[in-house]
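Ready for some practice in reading a protein model? Work through each exercise yourself, then compare your steps with the solution.

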Amino acid sequence: MSFIREVYSRFVPCLLPVCIQWTAYEHPLPVDGKIGDPNITGKPFNDAYRYMDWLLTVPLLLIEIVLCMKLPADEVVSKSWSLGTAAALMIILGYPGELIIEGDLTMRWVFWALAMVPFLYVVYTLLVGLASATEAETDPAVKSMLYKACWATVISWCTYPIVYILPMLGVDGGAAVVSIQIGYCIADVIAKCGVGFLIYNITITKSANKPLLS
């Protein structure tokens with residue numbers, strides 16, 4: 001049983017980034033493999049696909065960071081649940097406001113403010129609540145990478161609420177839609193690929209320091 005637990009604790013964090021990226025970027029093509037010209041419908045752009053992607057990948061990104069830390073088993077479970085739930089709640093609260101990009105933007109502000117509550121909880125937990133777990137790492141390289149993973153997550157996440165309020169800052173029409181999508185894509189690359197790469201290196205370093213069958 002201890003061997004199985006050891007395998008789980010080492011390789012699940014390593015494999016999660018791969019699963020996350022596959023889920024995030026794999027997009028089914030038509031049967032013939034060709035994508036036709038876009039259809040102009042006159043309807044506002046719908047970010048539902050992006051938010052559904054976030055609903056799955058964002059909690060997993062936080063959980064993989066927790067799995068790489070030196071924490072008791074019960075705390076791993078509780079932190080994973082609390083961070084994963086907060087991330088999901090943040091995304092669910094933000095989506096209704098994302099549909100409002102013109103006219104009266106009061107409700108967009110409301111949903112932004114609501115989503116910021118779990119957002120701030122996640123930021124606090126990564127930088128303060130889990131700081132002792134990071135400090136508990138005896139390998140300076142692992143400790144440094146964990147700090148980088150937490151800070152890279154927080155910094156990239158701070159892009160999202162700023163991009164979200166672009167329509168409220170006077171950016172409207174097609175410029176608002178394009179600016180929002182570019183901003184989200186840049187933040188996604190940093191938060192998913194960048195942090196995923198750091199997590200991968202943490203697991204590789206930990207495995208090298210303590211061989212599985214030693």
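**Exercise 1.** How many salt bridges does the count come to? Here a salt bridge is a side-chain nitrogen of Lys or Arg within 4 Å of a carboxyl oxygen of Asp or Glu.

*Solution.* Before we start, note that this is a predicted model: local features need pLDDT of at least 70, side-chain atom pairs count only at pLDDT 80 or more, and totals for chains, interfaces and linings use all residues. Residues are numbered from 1 along each chain as its sequence is written, and side-chain values use heavy atoms, with hydrogens and water left out.

Step 1. Recall the principle: side chains of opposite charge can pair when their charged atoms come close.

Step 2. Apply the rule, and the count comes to four salt bridges.

Step 3. Look at one of them, where the side chains of arginine 50 and aspartate 188 meet at 3.1 Å, N to O. Arginine 50 belongs to helix H2 (residues 48–67) and aspartate 188 to helix H8, so this pair ties together parts that are 138 residues apart in sequence. Helices (H or I, at least four residues) and strands (E, at least two) are DSSP runs, numbered from the N terminus.

**Exercise 2.** Are arginine 108 and glutamate 98 buried or exposed? Use these cut-offs: buried means under 20% relative accessible area, exposed over 50%, and partly exposed in between (1.4 Å probe, protein chains only).

*Solution.* Step 1. Arginine 108 has a relative accessible area of 0%, so this residue is buried.

Step 2. Glutamate 98 has 3% relative accessibility and therefore counts as buried.

Step 3. Now join the two: their side chains meet in a salt bridge of 3.1 Å, N to O. Arginine 108 lies in helix H4 and glutamate 98 in helix H3 (residues 73–98), so the pair ties together parts that are 10 residues apart in sequence.

Step 4. Try another pair, lysine 143 and glutamate 135, with a salt bridge of 3.6 Å, N to O. Lysine 143 is partly exposed because its relative accessible area is 24%, and glutamate 135 is partly exposed because its value is 44%.

**Exercise 3.** What span should helix H4 have, and where does H4 bend? The expected span is 1.5 Å times one less than the number of residues.

*Solution.* Step 1. Helix H4 (residues 106–129) has 24 residues, so it should span 34 Å.

Step 2. The end C-alpha atoms of H4 are 33 Å apart, which agrees.

Step 3. H4 bends by about 30° at valine 117, and proline 118 follows within four residues. The bend at a residue is the angle between axes fitted to the seven residues ending there and the seven starting there.

Step 4. The buried residues of H4 include Phe111, Pro118 and Leu126.

**Exercise 4.** Which residues outside its neighbours within four places in sequence is serine 179 in contact with? Contact means heavy atoms within 4.5 Å.

*Solution.* Step 1. Find serine 179 in helix H8.

Step 2. With those neighbours set aside, serine 179 is in contact with Val163, Leu166 and Val171.

Step 3. Check one partner: the C-alpha atoms of serine 179 and valine 163 are separated by 7.7 Å, and the two residues are 16 residues apart along the chain.

Step 4. Finish with the accessibility: at 28% relative accessible area, serine 179 is partly exposed.
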